[in-house]
4 protein chains.
Amino acid sequence: MRIVKNDTKYIKVASYEGKIGEVKKVLLLYSGGLDTSVMLKWIQDEYKCEVITLTADLGQQHDDLEAIKQKALKFGAKQALVLDLKDEFAENYIAKGIKANGSYQGNYYLSTPMGRAVLAKNSVKIAKKVGADAIAHGCTGKGNDQVRIEGYILTFDPKMKIIAPVREWAMDRNEEIKYAKANGIPVPASLDFPYSVDDNMWGMTWEGGEIEEPQLIAPIEKFLTTYTLAKNAPNKEELIKVTFKKGIPVALNDQKLKLSQLIAKLNKLAGKHGVGVVHMFEDRLVGVKNGGVYEMPAGHVLIEAHKALEKYVSTRNLNELKQELDTKWGYLCYGALWFDPVMEAINTFNDFVNEKVTGEVTLKLYKGKVDVVAMQSPYGLDHTSFTNLGGYSFNVNASAGFIEIYSLQMRLAKQIGGK
Amino acid sequence: MRIVKNDTKYIKVASYEGKIGEVKKVLLLYSGGLDTSVMLKWIQDEYKCEVITLTADLGQQHDDLEAIKQKALKFGAKQALVLDLKDEFAENYIAKGIKANGSYQGNYYLSTPMGRAVLAKNSVKIAKKVGADAIAHGCTGKGNDQVRIEGYILTFDPKMKIIAPVREWAMDRNEEIKYAKANGIPVPASLDFPYSVDDNMWGMTWEGGEIEEPQLIAPIEKFLTTYTLAKNAPNKEELIKVTFKKGIPVALNDQKLKLSQLIAKLNKLAGKHGVGVVHMFEDRLVGVKNGGVYEMPAGHVLIEAHKALEKYVSTRNLNELKQELDTKWGYLCYGALWFDPVMEAINTFNDFVNEKVTGEVTLKLYKGKVDVVAMQSPYGLDHTSFTNLGGYSFNVNASAGFIEIYSLQMRLAKQIGGK
Amino acid sequence: MRIVKNDTKYIKVASYEGKIGEVKKVLLLYSGGLDTSVMLKWIQDEYKCEVITLTADLGQQHDDLEAIKQKALKFGAKQALVLDLKDEFAENYIAKGIKANGSYQGNYYLSTPMGRAVLAKNSVKIAKKVGADAIAHGCTGKGNDQVRIEGYILTFDPKMKIIAPVREWAMDRNEEIKYAKANGIPVPASLDFPYSVDDNMWGMTWEGGEIEEPQLIAPIEKFLTTYTLAKNAPNKEELIKVTFKKGIPVALNDQKLKLSQLIAKLNKLAGKHGVGVVHMFEDRLVGVKNGGVYEMPAGHVLIEAHKALEKYVSTRNLNELKQELDTKWGYLCYGALWFDPVMEAINTFNDFVNEKVTGEVTLKLYKGKVDVVAMQSPYGLDHTSFTNLGGYSFNVNASAGFIEIYSLQMRLAKQIGGK
Amino acid sequence: MRIVKNDTKYIKVASYEGKIGEVKKVLLLYSGGLDTSVMLKWIQDEYKCEVITLTADLGQQHDDLEAIKQKALKFGAKQALVLDLKDEFAENYIAKGIKANGSYQGNYYLSTPMGRAVLAKNSVKIAKKVGADAIAHGCTGKGNDQVRIEGYILTFDPKMKIIAPVREWAMDRNEEIKYAKANGIPVPASLDFPYSVDDNMWGMTWEGGEIEEPQLIAPIEKFLTTYTLAKNAPNKEELIKVTFKKGIPVALNDQKLKLSQLIAKLNKLAGKHGVGVVHMFEDRLVGVKNGGVYEMPAGHVLIEAHKALEKYVSTRNLNELKQELDTKWGYLCYGALWFDPVMEAINTFNDFVNEKVTGEVTLKLYKGKVDVVAMQSPYGLDHTSFTNLGGYSFNVNASAGFIEIYSLQMRLAKQIGGK
């Protein structure tokens, strides 16, 4: 959502909001973009305090982390820290997302909500290490990310102070640019590029401009940066194979890779085919509806593959309940409750189910679409295997008896109550 | 699933199974294919009784209903009835499926389960009209359809007798063909075409051959008959528009159509782009896993469009619950419980939600994929409209207060219990 | 929760909060107790504006509504309105609660949450009628009721201003009493009675004192006012009969009564036996846990009776889903979402289910306990009736077939995956 | 349900049913009652094979296991085994039930469904040890227990043969008694005692006679055997204390006891007060409704205590989901799916939640009723503790902001769509 000047002066009422004079050293979550660069100066000016920046490496593909670091130092950061969170993100967050077939209101695979969780948790660690008494972030006051970042920071340090300059300052977009120019902060060449992005290995989230308006068609060719558009993809199907062990992808086309690397590689492979682009109009946690376009090549392929394999090794009763809990998981993850025990409890459920999610899945990539076309697993609930293991073969003589009893109450209800 | 000779002789134990000598006039649900044609003769031979055939028009595209009728008469049917159920199917079954975003274990839109419901209900009506004391069907003893057909028949007539020859007879595929030839019943030219299909306007279900084996890739070019394959689709995106009124599609590209016609037209339009082909490996109700390939161009487009519009007009709380109930609906519909009060109760819930699902949805069709790209509705829960209607504009001053309270228990839990 | 002085000055940040100078005429929701009486003066003093009081008759048993009215006028109210909402409350709120077996986190039947909904909705009507530009209420800033009252008022009038003096003022209990005395407002004789109550026909909610402390046993003999304690109840069982029509109680011991009267009568009858006293320690919507003692004689009897009858006329599949939705309904109702479409949608589901909830339920009351001991309904899903209506009698020959298929996947899973 | 002669001859169609001539050595699950005693002779006569009896000690209180053993030998058992399963039952079954607050359709705590699971699993072990090729049980063909016993046996040995004489034989009650007399099997003195019971430490299940008829009041004074009736209970409240560790009761009134002993002791203590008697009319798995009266003193107390403590240490979000999963657990456990992975998955969820369910619960017992009146836990999510641990105290300044955002969509929906 584009920055629009708040109608009224911002007033701090939450206990945890850092006030001017009260905070001495701020850890700023720094992306290197316009907003957080302006913030870096603005906090020094307004709060008269030291700023240390933290930039997380979550596997985003379009960032030059060293350049971001230098930029931070240039604009006055006392220290500019870059933290490699790729493996922690992949193994402790995305892996749980895969086990949960984690998606929200359709096919949004929750890249930003999970990215915020790992970032917020680590920001507390770093803040303590560097002796910061407040953490500042670049989220707006109308979105989900403020709820996630602030809620998670307070979860790990109940007394940490937080500063949210975009929520607080009185600048609109033009004033922000003016401020930037006045402070020597580079401003994007094209001011009529209204799109903003949140980027990590699990997906890129595009917002702004026509994307926000449900009745407009988002001009994806203007902003989609990853790889290619479906219409430019090769006009040739490609088969790929993903190997899972206990729910986690461990090999791509038979090449063993750790998860963060597998995702990076698959982003390119599936991205080439334009797979994983999703238009959504979703419910934000704060009550407004919001448009987004998501690019999630690896996410889309892995969730589709995982769903199919998991369904193959689980009973129908388990599949039904898992599907319901997956829905719940998606709402909770999106809903800024990553560290609530309710999510941890569902994760233990998912771990159990995924003990059997081992095997290979073959997928076909073509022109923006992915299809699971074959799979195998030692745990596939295949009746033929069962018979080989000593079970009785399917007995059609049992069927009518089953039907007579299974349908009994439906029949009763229609005869007795259905008039 | 291909017909395989049963290991043991079939024994009738269910109360409702018609026995030789006991039934005098049988209504046979007749598709015109090999199985039901053999059945037509076999029932006359074995049960020494009159057979009347019933062939339902559910909008299937590859049947010549007049030819089927003549075939039935040729093989001894006393009467050969053809019943046009297209509108009843569309308006009383598919419409409920659309409101429920009805799908099972992924993207199977339940064409066969709903087709069986309308067929079974009507077969009871016809049986009574023609004075039949039993209904015969062509379902195997290992599948879902026997449970649906028999359960639903008994729901509407608790004393109707039922005959399921495939479950009962001792013929395997070769013996069946031998029997057919001996009785002058035409046998498919290509005996190595192991695929069978269930066809209605909402979708075609392919089974048999490699489709049954999870580790094999189904050779869809051999059997997919509707329209085209994605790889042969035009290399050009097409935008279409679907208009909904209270959850029901009422116009396609601004042309008003009744639902059965809209579906027929959209099957061609979306089919041309190869949209709606789904590979599945699903849980049958009788406990075995089963592969299928589904062709559902209209179904896929309409469900995607409906989901997006419904989500746009509903609150987040409602969207979450609806998604859980949609999952449940899919399991119940697949699970042969169409006429159980539990489904009727969910349908009333869905009717309420769909009171607001009115508006237009624009979709992009391309190479097997469909994307909702724009929509509008007078009921869209759009914050801008709200402000125009007199609501307060979004107040960022409220955000930190919201966050402080919303995250409270997560924070408590981590501090108190999270050690 | 007792009033404790806020640590910090209250700052109004919500758009809807009425500010001094901005509001001219206030409608105060007036109970006649100390808090709202102090408020009545305080608003006149602080806001320099006219106050009209509104006292709702929700069937509370311990209020003298005429005396409350006179008290309001005495302390400066320009008008003192008393509104009889008994039937609206019973028929449009409690009736939905009964159909939903509405309870929260155990056996709390949601008397206060439903009472707040009917009160808030009507307060908007009255405010418009009398030309008030703000509504004031007596809820604290730590509880659920502020969320309900304010959310519901804004639902019906998005521009209404709201004043919450307890949240706003800087008085603690002692200062409030001082203020009361200074203004001639009568103060309760016993200052060491720390218990407060919310009273309506569906139940009384006691809070404060030991009730708030989970490790203490609430001294119920000090405050329970309705009727009697179980230990003082007659040592003799009493049987009563409740007649339901479409889910609604319509007669008590064969005497036809409208719902509000039936509840009033049953409160006495069941209260005499000490039925319906519940100790709870529940999750408030704002994140804190809270103790309460509830007195709900009629509520307890009617919900128990309704549950039993509903279960008797519904199928097992429906009973399971209904039980899950009842849980959800309880959380939503408690959670200040009465007018969200999600609740209305569940209510339509419940209306459908309750079409068959017609019949008589016999209950035994004894020493604080109620047991459903017998019931009858024309819609009871009784197998004997079914057989009489033409259904087959239960066929034990079908059982083993049912078992073989029903248990199939559990067996597969253990053999294939269970090692 | 009383034994009624089947209308038709029983025909074995399930693969696993043992046929005459096919089985050589049968393990009979022997209770010592009339049915299984007649069976013991009848199997020897009909199947011409050796019978070994197995009697399980599940903590039932009204069995003399040594006498049962002698009786078995007297009527021809080659061996009469008695197996002490008390601890296995308590620790691997009931403990899971407690963590799940396991109940079905109200307050039936699933004593029989869990008892059948432990019995069936062990019967397979013993059958293998003694070389039996079939297991026989005394369940009728109309109930749940046949589904449990047979399904579970096949889960642990897919090739085991099963014999269900009551389902199979053609005797009604009178013929059975005649058969018994002819074979010297003692027949109950009072033939007009139509009630039967299933007894284990977690509860006694009474069926038969008036209990089966919903419109009749079951004459509990005729058959309730455990302890006392509420009306004969002491007219004096008693407080007791249960200590939980990770969800499991470990001490009663500060006396440490292993679970099976704690249950036995609490059965007496709570039974003395008439606690835990429940009248139900429930949905059997096979589609019929069934009346039962349950005596479960310890079960009732422990589930009530556990629920309260678990709710106290869990977040509201977790409590809501847990309540939904508890409902599901009850249906699955009752529904003969104890060993399906879906239940194991829920059990791992429950184990996680119960990691914090540690503390003490005080309950009041009086005249058939139990109330949780106090509790304490180091993990109680108590806001006071949180503040002491460094969290911010509750900030009423945050409340209006919370309300403004929390209620936003409800308000939007009413303004935009609510006309």
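**Group meeting: helix packing and chain contacts**

I'll start in chain C, where helix 3 (residues 86–99) and helix 9 (residues 259–272) pack at an angle of about 80°, with their axes 8 Å apart. That makes helix 3 of chain C roughly perpendicular to helix 9 of chain C. Angles of 65 to 115 degrees get that label; under 35 degrees counts as roughly parallel, over 145 as roughly antiparallel, and the rest as oblique. The axes are lines fitted to C-alpha atoms, for helices over the stretch in contact, and the angles run from 0 to 180 degrees between N-to-C directions. Helices (H or I, at least four residues) and strands (E, at least two) are DSSP runs, numbered from the N terminus.

Before going on, the ground rules. This is a predicted model, in which local features need pLDDT of at least 70 and side-chain atom pairs count only at pLDDT 80 or more, while totals for chains, interfaces and linings use all residues. Residues are numbered from 1 along each chain as its sequence is written, chains are lettered from A and ligands numbered from 1 in the order in which they are written, and side-chain values use heavy atoms, with hydrogens and water left out.

Back to chain C. Which residues of helix 3 of chain C meet helix 9 of chain C? They are Lys86(C), Asp87(C), Ala90(C), Ile94(C), Ala95(C) and Ile98(C), and they meet Leu259(C), Ser260(C) and Ile263(C). Contact here means heavy atoms within 4.5 Å. By class, this contact has six nonpolar residues, one polar and two charged. For the classes, Ala, Val, Leu, Ile, Met, Phe, Trp, Tyr, Cys and Pro count as nonpolar, Asp, Glu, Lys and Arg as charged, and the others, Gly among them, as polar.

Now helix 3 of chain A, with two partners to show. With helix 4 (residues 111–130) of chain A, the axes come within 10 Å and cross at roughly 140°. These two helices are therefore oblique to each other. Their crossing is right-handed, meaning that the near helix is turned clockwise from the far one by less than a right angle; anticlockwise would be left-handed. From helix 3 of chain A the contact uses Glu88(A), Phe89(A), Tyr93(A), Ile94(A) and Gly97(A), and the residues met in helix 4 of chain A include Met114(A), Val118(A) and Lys121(A). That contact has six nonpolar, four polar and two charged residues.

The other partner is helix 10 (residues 297–313) of chain A, packed against helix 3 of chain A at about 50° with the axes 9 Å apart. That pair is oblique too. Gly97(A), Ile98(A) and Lys99(A) of helix 3 touch Leu302(A), Ile303(A), His306(A) and Glu310(A) of helix 10. The class count is three nonpolar, two polar and two charged.

Next, the interfaces. Chain A and chain B bury about 8500 Å² between them, 59% of it on carbon and sulfur atoms. Buried area is the accessible area (1.4 Å probe) that two parts lose on being put together, summed over both. Arg316(A), Asn397(A) and Met410(A) supply 9% of what chain A buries against chain B, more than any other three residues. The contact takes 99 residues from chain A and 98 from chain B.

How many salt bridges are there between chain A and chain B? The count is four, where a salt bridge is a side-chain nitrogen of Lys or Arg within 4 Å of a carboxyl oxygen of Asp or Glu. Glu320(A) and Lys328(B) form a salt bridge at 3.2 Å, N to O.

Chain A and chain D bury about 3500 Å², 65% of it on carbon and sulfur atoms. Phe352(A), Tyr392(A) and Gln409(A) supply 19% of chain A's share, more than any other three residues. Across this interface the rule finds zero salt bridges.

Over all chains, the structure holds 96 salt bridges.
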